[in-house]
Amino acid sequence: MESIIKDQLLTFLLKHNLITRQQHGFLARHSTVTNLLESLNYWSLTIKNSHSIDIAYIDYRKAFDSVSHVKLITKLSGYGLSVRLLNWIWAYLSDRSQVVCVDGRLSNSGKLVNGVPQGSVFGPVLFLLFINDVIDIFSPGVTARLFADDLKLYVEIVTDVDHFLLQNNLIKLEEWSRLWQLNISVKNVIF
């Protein structure tokens with residue numbers, strides 16, 4: 001059932017150009033390689049033009065586990081999905097629980113109130129749709145590439161003002177992330 005709904009939903013979304021072209025995760029003919037090739041091409045042209053480039057790599061901490069079901073359904077309703085499909089997705093996400101097994105012993109069951117099922121057929125598509133609109137917040141001159149929950153932002157530096165363009169858009173990203181309850185992982189920040 002998940003596969004049928006996933007295939008039909010992706011067909012609808014792609015036909016109507018509703019998934020951002022900057023997303024390279026979990027889509028046919030897209031991969032980490034296509035993501036990197038597009039970025040590398042841009043960077044090479046920038047360097048060929050004797051300009052520098054500022055790049056920021058963003059990773060969300062436990063992104064798939066953090067998706068708010070209510071906020072996801074709100075976003076999905078904006079894609080023009082039928083009420084029946086939205087109800088099915090709500091039922092698919094609701095009343096889930098998990099247990100942990102260590103050395104053959106099971107923990108108590110815990111109810112899940114957030115997250116899309118990892119390892120499922122449909123969960124990754126739901127996550128892509130949850131993060132899909134992040135691209136819309138960025139200013140012209142900022143290029144973004146997504147691979148599922150990994151985001152790369154870059155700006156060609158032609159004038160000193162361009163450094164501020166990236167910083168301002170990182171602030172916008174932090175605000176968007178807070179609104180949608182996705183925590184940016186700052187464990188391995190490199191300056």
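These are my notebook entries on the core, helix 7, two backbone positions and the sheet of a predicted model.

**Ground rules.** I number residues from 1 along each chain as its sequence is written, and leave hydrogens and water out, since side-chain values use heavy atoms. The model is predicted, so I accept local features at pLDDT of at least 70 and side-chain atom pairs at pLDDT 80 or more, while totals for chains, interfaces and linings use all residues.

**Core.** I looked up the largest nonpolar core (buried Ala, Val, Leu, Ile, Met, Phe, Trp, Tyr and Cys residues joined through side-chain atoms within 4.5 Å) and found 46 residues, with L76, L126, F138 and L173 having the most contacts inside it. Helix 6 (residues 123-131) gives the most to this core, namely 7 residues; helices (H or I, at least four residues) and strands (E, at least two) are DSSP runs numbered from the N terminus. I then followed F138, which, leaving aside neighbours within four places in sequence, is in contact (heavy atoms within 4.5 Å) with A144, L151, L153, N169 and L173.

**Helix 7.** I noted that D162, L166, N169, L173, W176 and S177 of this helix are buried, where buried means under 20% relative accessible area, exposed over 50% and partly exposed in between, with a 1.4 Å probe and protein chains only. These residues cover an arc (taken from the directions from the helix axis to the C-beta atoms) of only 95 degrees, which puts them on the same side of helix 7. On the other side, V161, F164, R178 and L179 are exposed. What covers the buried residues includes strand 1 (52-61), helix 4 (69-77), helix 6, strand 7 (150-157) and strand 8 (183-184).

**Positive phi.** I checked Q181, in the loop between helix 7 and strand 8, and found a positive phi of about 60 degrees although Q181 is not a glycine; Q181 is partly exposed, with a relative accessible area of 39%. R29, in the loop between helix 1 (2-15) and helix 2 (32-48), also has a positive phi, near 60 degrees, and is exposed at 79% relative accessible area.

**Sheet.** I traced 4 strands forming an open sheet in the order 6-7-1-8, with antiparallel pairing; two strands pair if DSSP finds at least two bridges between them. Strand 6 (143-147) and strand 8 stand at the edges with a single partner strand each, so one side of each is left without a neighbour in the sheet. Strand 1 and strand 8 pair over 2 bridges, and Y60 stands opposite I184 in strand 8.
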